[in-house]
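Reader: I should like a close look at one part of this model, namely a place where two helices pack against each other. Please then set that part in its surroundings in one connected account.

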Number of protein chains: 2
Amino acid sequence: MVMTSSAPLVLLATTLPILIAASGDAQTIQSPEVHRDGTVTFRLLMPPAQKVEVHLDGIAGMTPITMTKEVTGVWSVTTQPLTPDIYAYQFAVDGQEIVDPNVRAYVSNYFEQGGLFTVPGSPAAIWEQTDVPHGAVSRHFYSSKTTGDQRDYYVYTPPDFDPRSGKRYPVLYLLHGYSDYSDGWITMGRANFILDNLIAQGKAMPMIVVMPSGYSVPALLDHGEDAPKTPLWRLNLERFPEMLLGELVPLLEGTYPVRTDRNSRAIAGLSMGGGETVYTGLNHIDRFAWIAPMSAAIPADLENSFPKLNANQASRIKLLWIACGKQDFLYDENRNFRVWLSSKGIKFTSVETEGVHNWPVWRRNLADLLPALFR
Amino acid sequence: MVMTSSAPLVLLATTLPILIAASGDAQTIQSPEVHRDGTVTFRLLMPPAQKVEVHLDGIAGMTPITMTKEVTGVWSVTTQPLTPDIYAYQFAVDGQEIVDPNVRAYVSNYFEQGGLFTVPGSPAAIWEQTDVPHGAVSRHFYSSKTTGDQRDYYVYTPPDFDPRSGKRYPVLYLLHGYSDYSDGWITMGRANFILDNLIAQGKAMPMIVVMPSGYSVPALLDHGEDAPKTPLWRLNLERFPEMLLGELVPLLEGTYPVRTDRNSRAIAGLSMGGGETVYTGLNHIDRFAWIAPMSAAIPADLENSFPKLNANQASRIKLLWIACGKQDFLYDENRNFRVWLSSKGIKFTSVETEGVHNWPVWRRNLADLLPALFR
């Protein structure tokens, strides 16, 4: 509660008022400030620092932006106009990354910390909250027998959702990447607003979207960035269908009015969740008619990962939609996966975009994918 | 995504490994580290700083804790054993407050920034997530005619909730304080886990809890800490019942299976939301039988704020439950309010606890209040 703060007010030089909000709290510096032309000003009061940079995670990845110190002790910089998007960023103070003390929206991630800001589009980008009917986002908790822990999952219900109406919806299982929390597709991906906007435009079917935890082996997270090199990575992949199909799908289908035929069930996901998408989807074509990996961490040893997959069986897939940014570090393994699928006579849609391994790509992927589902 | 980070690994001196997680990322320092005895170690790698402190927002308010710099450039300190609770904290680096770069749970507040950590109880405190059946928390969005903006509200549904069952629930409208976001009672107050635990213990009735935005005049927030001194403060109070009773209650009652008699409708809130609670509740006794302000910002000019209130009318109130910490800066105005109520012959329950104007008090308030509702 701000009303109880015992921090003394710091009186600053009179050259500063333009930076100060009208609150009377002289420590309140406006940062980031997004201007109408898409330029963004960052500010940080840190008098003793020798060097301060902005690390901006944008369309083209991280590029340090050097800030300049004013006599007031405030470091600042204004960027070039930025493409409308949602940006994550940190300040590096003498090489140590910190979160902007004045930002109020945060990156959601087990390992990375940062602030978030939006450069709005005109008209609004598909991931922005606009004045259309909105669906709801519900967080559920349950005890998992597969993992032996308490975990959560998020459910998007569309604007017309009324459980008393008797209407049943198709369902998309949407999987996050390694290092994301279960809310990744909401906080970072804005899946709910993307759905709201596409449904309002008549471009996507009203659907229920389920966003579970992708960690079927929670100990994976103890290994930080090294996790993909450990045997747990494969174990996590192999246990995922058990968790999803054995626990979560029955739980969901007993709680929400969803259709339960395979043509009404889709699976999509990014990075680790892209690997889980193909491993689960292609090994359970009887359950999923729509399979959409994005920037997927493709399972190693394809023949052993998909022992029963063949062209005849794959002909039942309504859509196998494989997206990857051309600058993604997983680009090659996605290309190799497509080559392997082609060698088996399996049809797919390849979606190559600009971009690296980050949320700006996946938000656009989701907006491109959704109109194709359940048609 | 951690897998795409272009930040170079920093190699640290070999005296550091005990601080480093097993991730292989040498920048990953464990902070805060909560020990089994309730002591907590804070660590910050910030070699160039001259002075680093921990500002801890605990039971007894903010007390700076001085950290010590080691030869490695890591500042650290271990606290005395802390009372089981959820703590908010910041680091002050040469007087500038920053969020611990290694914490991953954050304060939710318009003006204050901080990390969060839990010192668990044994047995678990009532606000901790335990292995009991859990309710869900749903976030809804709507366009408000009162305020002319898009806003959100959160709804807790109890573990046995099934909209198809035909069961109808009593409903508590639970209001946050000034500077909180709509999720205040979830992220900071842990209202959902408090309900889950009390319901599992048979101590609280299964109920639906609605947590709206308390800003009926959004411009209030432009005034920061000065807002209570502006005319908007009163306007915000006076418009609140219009927003709640005119918009949100009908919306809620059209969407969720709640009972609509006054004996099944409660209102409670903290600070600004405590003021909204008494202003709305005591002026609409025909709608609310249960009224519970906590650390309330009591409306000025009591006679004009409650023109129709008298003992006869107030006898219809099932519970008027007035809580305030003895060290709260609003203690005197709450005492004066109780004196005024007594002078009119209006009965109430006074709950005086230890504590200042912060969430440790309000979590305990909520846990004490809920068993008394809807009996």
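Author: Two residues are taken to be in contact if their C-beta atoms, placed from the backbone, lie within 7 Å. The model is a predicted one. With that criterion, the part to examine is the meeting of helix 3 of chain A with helix 4 of chain A. Helix 3 of chain A covers residues 231–255 and helix 4 of chain A covers residues 272–283. Their axes come within 9 Å and cross at roughly 65°, and the crossing is right-handed.

From helix 3 of chain A, the contact is formed by Leu237(A), Phe240(A), Pro241(A) and Leu244(A). Facing them in helix 4 of chain A are Gly275(A), Glu276(A), Tyr279(A), Thr280(A) and Asn283(A). Sorted by class, the residues of this contact are 5 nonpolar, 3 polar and 1 charged.

A second pair in chain A may be set beside this one. Helix 2 of chain A (residues 191–200) and helix 8 of chain A (residues 359–369) have axes that come within 10 Å and cross at roughly 35°. This crossing, too, is right-handed. Helix 2 of chain A contributes Ala191(A), Ile194(A) and Leu198(A), while Arg363(A), Leu366(A) and Ala367(A) come from helix 8 of chain A. The residues of this contact comprise 5 nonpolar, no polar and 1 charged.

The wider setting is the division of chain A into domain 1 (18–119) and domain 2 (136–372). The centres of the two domains, taken over C-alpha atoms, are separated by 33 Å. Their contact draws 10 residues from domain 1 of chain A and 13 residues from domain 2 of chain A. On the side of domain 1 of chain A that touches domain 2 of chain A, the residues divide into 3 nonpolar, 4 polar and 3 charged.

One site in chain B completes the account. Val209(B) belongs to strand 13 of chain B, which runs over residues 208–212. Val209(B) counts as buried because it has 27 C-beta neighbours inside 10 Å, the threshold being 20 or more. Beyond its neighbours within four places in sequence, Val209(B) is in contact with Tyr156(B), Leu172(B), Leu174(B), Ala191(B) and Leu195(B). Tyr154(B) stands 55 residues from Val209(B) in sequence, yet their C-alpha atoms are 8.2 Å apart in space.

Note on methods: Residues are numbered from 1 along each chain as its sequence is written. Chains are lettered from A and ligands numbered from 1 in the order in which they are written. This is a predicted model: local features need pLDDT of at least 70, side-chain atom pairs count only at pLDDT 80 or more; totals for chains, interfaces and linings use all residues. Helices (H or I, at least four residues) and strands (E, at least two) are DSSP runs, numbered from the N terminus. A residue is buried if 20 or more other C-beta atoms lie within 10 Å of its own, exposed if 12 or fewer, and partly exposed in between; C-beta atoms are placed from the backbone. Axes are lines fitted to C-alpha atoms, for helices over the stretch in contact, and angles run from 0 to 180 degrees between N-to-C directions. A crossing is left-handed if the near helix is turned anticlockwise from the far one by less than a right angle, and right-handed if clockwise. Ala, Val, Leu, Ile, Met, Phe, Trp, Tyr, Cys and Pro count as nonpolar, Asp, Glu, Lys and Arg as charged, and the others, Gly among them, as polar. Domain bounds come from an automatic or database domain assignment.
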